[in-house]
Amino acid sequence: MDNIETNLITLSRHVLHDQTRHSNARGDLTLLLTSIQLGCKFVASQVRRSGLANLTGLAGKTNVQGEDVKKLDVLANDTFINSLKSSGRVSVLVSEENENEIIVDSKGLGTGKYAVVFDPLDGSSNIDAGVSIGTIFGIYHVSDPANASKRDVLKAGKEMVAAGYAMYGSSTTLVLTTGNGVNGYTLDPIKIPERHKIYSVNEGNSLFWDEPTKEYFNSLKFPADGKPYSARYIGSMVADVRRTLLYGGVFAYPADNKSKNGKLRLLYECFPMAMILEQAGGKASTGRDRILDIVPDDIHARSPIVLGSKLDFQCGVAPDMSDK
Ligand code: AHM
Ligand code: MG
């Protein structure tokens, strides 16, 4: 019994402590993150019992991006919206599953000084296969909650005050940054390795890639030193980025001549993951520019993305991926 830790550090305790750096912090962000944590716990339990409870399969709708909506997506979306609203700390919500932003009504549970952008269940094409899926979120500050609008989130990713993801796999993990490094739920400071010879991209799209993208990936597969990178691609951004964060390497969803802006959405997929990667010592780019400098012109705007270990950006031949 001697080795049992009794001075437990919870997510709330950690964030509260982290926030003491800000003189005007009143615990609002902590409360907001607690409501996200509650949403993640509920979704994790639903994901675990989804097969038994008949939650896999389509809900019979398509979302704003024209994709099939799974029942679990609907559940996760409703859970996060309810949980976030009940925190009383948000005035704007943007979800991948809702075409329009949600402006929170001050009459109900009250509004607050934050906007949350989120993908309630990313990687949903993997649900039926039992592969890891997750929730991705980013948080912006709202200066005038009484007059909140989508302008509060159409801002560069570097203005996010916090970002994170939960991954529902063999265990559930919450990874969070408030702009002061990256922490796992168990308060492990996370740093991405400087290099690891793994590349992660949907090669089924390579027919449609432009020449620099083809050359870049070819240079990883047919390097001059005869030591090629290994390929790993799950098709769940949370799982692919998590592996990249822990082991290193490069994850990409580039533009191609079918999808000029790539597939992944800036606000609730690219920005949060880019903030986490940068805070963990890695890089995130469009292949040309820093992701976090982009100002989106639409709440569902997309961007090509390449992220990963510092030194893996310097290998390969694509000139515009080399030194960002
Ligand atoms: P989703 O939000 O509809 O689940 O789509 C996003 C997912 C990401 O998790 C993943 O990186 C990508 O789509 C995989 O796309 P593809 O199947 O085209 O490789
Ligand atoms: Mg998604």
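**View 1. Confidence along the predicted model, from helix H7 to strand E11.** In this predicted model, confidence in the protein falls to its lowest in helix H7 (residues 319–322), where the mean is 40, and rises to its highest in strand E11 (residues 230–231), at 98. Over residues 315–324 the pLDDT stays under 50, and for this stretch the model has 28 contacts beyond four places in sequence. The mean pLDDT of the protein is 86, with 82% of its residues reaching 70 or more, while for the complex the predictor gives an ipTM of 0.88 and a pTM of 0.81.

**View 2. The surroundings of ligand 1.** Ligand 1 is surrounded by 14 residues, of which Gly123, Ser124, Asn202, Gly235 and Met237 are the closest. Sorted by class, this shell has six charged and six polar residues together with two nonpolar ones. Strand E5 (114–122) and helix H5 (237–247) each contribute at least two residues to the shell.

**View 3. The open sheet and its edges.** Seven strands, in the order E4-E3-E5-E6-E7-E8-E9, form an open sheet whose pairing is mixed. Strand E4 (102–103) and strand E9 (183–184) stand at the edges and have a single partner strand each, so one side of each is left without a neighbour in the sheet. Within the sheet, E5 and strand E6 (residues 133–141) pair in the antiparallel sense over seven bridges, and Ala115 stands opposite Tyr140 in E6.

**View 4. Helix H5 against the sheet.** H5 packs on the sheet and touches E5, E6 and strand E7 (162–168), its direction making about 105° with that of E7. Eight of the eleven residues of H5 are buried, so the helix is largely enclosed by the rest of the structure; the buried residues are Met237, Val238, Ala239, Asp240, Val241, Arg242, Thr244 and Leu245. Met237 is thus listed both among the buried residues of H5 and among the residues closest to ligand 1. Just after H5, Gly248 takes a positive phi of about 95°.

**View 5. The protein as a whole.** The secondary structure of the protein comprises seven helices and 14 strands, and buried residues account for 48% of its 324 residues. Of the contacts between residues at least 6 apart in sequence, 66% join residues that are at least 24 apart.

Notes: Residues numbered from 1 in each chain as written. Chains lettered and ligands numbered in written order. Predicted model: local features only at pLDDT ≥ 70, side-chain atom pairs only at ≥ 80, totals over all residues. Near = placed C-beta within 6 Å. Helix = DSSP H or I, 4+ residues; strand = E, 2+ residues; numbered from the N terminus. Nonpolar A, V, L, I, M, F, W, Y, C, P; charged D, E, K, R; others polar. Pairing = 2+ DSSP bridges. Contact = placed C-beta atoms within 7 Å. Axes fitted to C-alpha atoms, helices over the stretch in contact; angles between N-to-C directions. Buried ≥ 20, exposed ≤ 12 C-beta atoms within 10 Å, placed from the backbone. pLDDT = per-residue confidence, 0-100.
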